[in-house]
Every structure is written in C-alpha cells, then in structure tokens.
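Me: Could you take a close look at one part of this structure for me, the place where two neighbouring helices pack, and then tell me about any enclosed space as well?

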Amino acid sequence: MAEIARLTGGPVTTLECSLTGEQGYAPGQVHGLSAAGRPLLVRYDLARLADTLDRDAIAARPGGFWKWRELLPLQDSANLIRLGEMDTPLIETPELAAPGGLVAVKDEGRLPTGSFKARGLGVAVSMARELGLERLAMPTNGNAGAALAAYASRGGLESYIFCPEDTPEANVREIALQGGHVWRVNGLINDCGKIVGDGKAAAGWFDLSTLKEPYRIEGKKTMGLELAAQRGWRLPDAIFYPTGGGTGLIGMWKAFDEMERLGWIGAHRPRMFAVQAQGCAPIVRAYEAGDRHAPLWQDAHTFAAGIRVPVAVGDFLILDAVRESGGAALAVSDAAIESARARAGVKAGLLLCPEGAATLAAYDMAVDRGLLAPDADTVLFNCGSGLKYPMPDRAGTLDRFQPIDAARLVKTTQKGDD
C-alpha cells in the first residue's frame, strides 16, 4: 500500500457546470452546486496525462479504487482515507443469461461498508479533509450514510446523517456504530435532504448530498475504469445500473469519455440501462416522455430502498447518457425484483441486494421486449451486500425427538428446486 501513498492526484484544470458548461470554478476550493444549481464536473489535463500514464501499470496496482489516483482530484496523499479497498469481482453468470448471451455481475457488495457507496464517499470525504471541512451531513436511504460514517470517522471528521424511518435497520445501526450521528425521519430521502439543506447555516455542516458536491462522481467513475481494466479494455454491449440519484451511471459515462481521450479505449460505448422500481420511476417517466428533466415522483414506494429517490439533481445527466448510448430507462415491479433475487441465489449462488436484483429483472424485461439482443454481452451492477436486507424465511423445522425420514427430506428439497 506504500505505493499508493506516494502518488499525487490528477492535474485538475477546472470545475465545470454540467448544465451550462460554465468554467472558472477553481480547484482547491470548497464548491457545492454551480451557479445554475446543477452538479459540477471535475476536468483534468487529459492531454498531459495521455503522455505519462500507462493504463496497464495502473491497473496492476493494489488498493482498489485508489489505484486510479492520477484520475482523481485528491492532491495530498496525507488526506487519503483508506478502509481496505479492493477491486470488486466481475462474476460470469451464464445461469442468468438469455440463450446465447453473456451476463456478468459486478459485485460491489465486497467494498468497505458493503456497497458501492464506498467509492463515492471515500473520495468525497478525503477531499473534504483536504479542503479543511470538519463536519459533513447528508440524507441517505442507508448505504451512503454507512459509507459516510465510516470514512468520516476514519478521517477524524464528524458526520450527521438523516434517513427515512423505514430505512433497513442494518443500515441505521451500522451508521451509528461507525460513529455517525443518525436520525430516522418520517418522510422520504428528499425530505431528509431538505433538513440537511435548511440546517447548513445553523449547524455549520457541509452538504454532501448526492451530486451537490463534485467529488462523489469522481469516486463512482472508478467503476467504469475498473470494469474496463477487468475486461481487457473492451467494454460490454450493455450495462444495467440501479438508478436513484444516478451518480454511478453518470460517473461511468464520464470515465468512458476520459479513457477514450487518454487513448485507453476506442469509441465503443455500452448501452446504458437505468433501472428503477415501478413505485418510484421519475427517470423512466421522463425518458418515455422525451423530457430532459424528471419532476418529483409523488408517493414513492418500493422495498428496494436505494432506488427510492423521488427527484434527482442530476436527472438530465442520467437521461443524456441513456439516450446517447442507445440504452433505455426501465421500471420493474417489486414482485419482479424479489423473483430475480431468488433466482440469482438459487441458480447462480449470488445473494443480490434488492437494487441489484432489479437490474436482473430489467435485463429479463429488455430481452423479452426486444430492447436487447439475447446474445448481448451484458454487465449487471449489484450495488450492495444482500446481507443488509430482510430475506424470506424458507427454512423448514425438524423435531429431533421424532423419527426423521432423511430420504423424504431429499425428495422434498429436489422437488422444491424444480
């Protein structure tokens, strides 16, 4: 790990408004949204980096997402916060693929705090420390709050976290156990976000909400860098991504562009499929209507808590990537999500989180509707550990004091598997 500590960050030239293209937001300063109220994007001197970086040498380093330091904004290695990051596995799952197709699952549940939120929050909290911030706050549906609490505590910062009252209990308790100050709120994540925004002046915290600062995108883009390296710098035909705030989808799309500019990959892009639940599908509604922005979704509901995001500040960035790639935005039912979760466990031995299972359900839908060729080379993102969520109890019960017919147990099990 000493090699990582010696590296310096990438040559950031400016920060740019993602909506208007306005530049002039200086590196090394604290920034939230742009003057237009939209996310800021970090821009690098890619021409300079193209002359100096060896993609294969970087990919061979240890250290998970921190290996990509030259394409991340952190400048001083003393501010880098680590929790044992690793490359997450890309698991081939022919059992889940359509006939003739290729499906692999990128299992982000192996990261610190058990979700892909470690990527964005690891970078964002490290940047907060570099910029001199000491108190951070955010709304969460669970996993982001856990990542914030862990990285903030590790880095000596305070974290204040607000979550809907029905957030999975494992998430709420891990946030607290990892040093976060956490509150359950009788509302949805956007209601929690209002509390964070309204409290900034009085509490003195920095708002680390999704896309309301520039650096979570940079952490999440490492999914695209890592995926390309794992596949020998050849991108898949399609990516299915569980989409709430959409930081990861936006980040990967940015990573693909940066890699092409560096000469690491060609012009081929995966078709990006943004996956939402039928009970909360603002991006899907906007995509189907041909709109570039997605208004607030009323009465949002789904048991896949991570994609229960009624409104996203980066809505247009998600929709732009989906449309430019020739992909689609798809909404799946909770019943389909649960069915996909069970199938992934029984057929492929993978315990997906509900949001990850939603991508499998959407893949099935896309193939059935003719939106995706059955033989497509496809990657599904499982964004977190399935262990954090309630699971159906399918165990039987035996009385050890009564005769047990083992042959009957085997026959029952085999019949159930059919």
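**A helix pair and a cavity**

Reply: Happy to! In this predicted model, α5 passes α6 in a left-handed crossing. Helix α5 covers residues 143–155 and helix α6 covers residues 169–177. Their axes come within 8 Å and cross at roughly 15°. Angles under 35 degrees count as roughly parallel, so α5 is roughly parallel to α6.

Now for the residues that make this contact. From α5 come Asn143, Gly145, Ala146 and Ala149, and they meet Asn171, Glu174 and Ile175 of α6. Sorted by character, the residues of the contact of α5 with α6 are 3 nonpolar, 3 polar and 1 charged. Glu174, on the α6 side, is the charged one.

On to the enclosed space you asked about. Searching the whole structure turns up 1 cavity of 30 Å³ or more, and the space in this largest cavity is about 60 Å³. Its lining includes Val30 and His31, then Ala124, Met127, Ala128, Leu131 and Leu133, and also Phe206, Leu208, Glu213, Pro214 and Tyr215. Helix α4, residues 117–130, supplies the largest share of that lining, with 3 residues. By character, the lining of the largest cavity divides into 10 nonpolar residues, 1 polar and 1 charged. His31 is the polar residue in that lining and Glu213 the charged one.

Technical notes. Residues are numbered from 1 along each chain as its sequence is written. This is a predicted model: local features need pLDDT of at least 70, side-chain atom pairs count only at pLDDT 80 or more; totals for chains, interfaces and linings use all residues. Side-chain values use heavy atoms; hydrogens and water are left out. On a 1 Å grid over the protein atoms alone, a cavity is a set of points where a 1.4 Å probe fits but cannot get out, and a pocket is an open set with protein on both sides within 12 Å along at least five of seven lines; lining residues have an atom within 4 Å of a point. Grid points are joined across faces, edges and corners, and a volume is the space filled by probe spheres set on the points. Helices (H or I, at least four residues) and strands (E, at least two) are DSSP runs, numbered from the N terminus. Axes are lines fitted to C-alpha atoms, for helices over the stretch in contact, and angles run from 0 to 180 degrees between N-to-C directions. Angles under 35 degrees count as roughly parallel, over 145 as roughly antiparallel, 65 to 115 as roughly perpendicular and the rest as oblique. A crossing is left-handed if the near helix is turned anticlockwise from the far one by less than a right angle, and right-handed if clockwise. Contact means heavy atoms within 4.5 Å.
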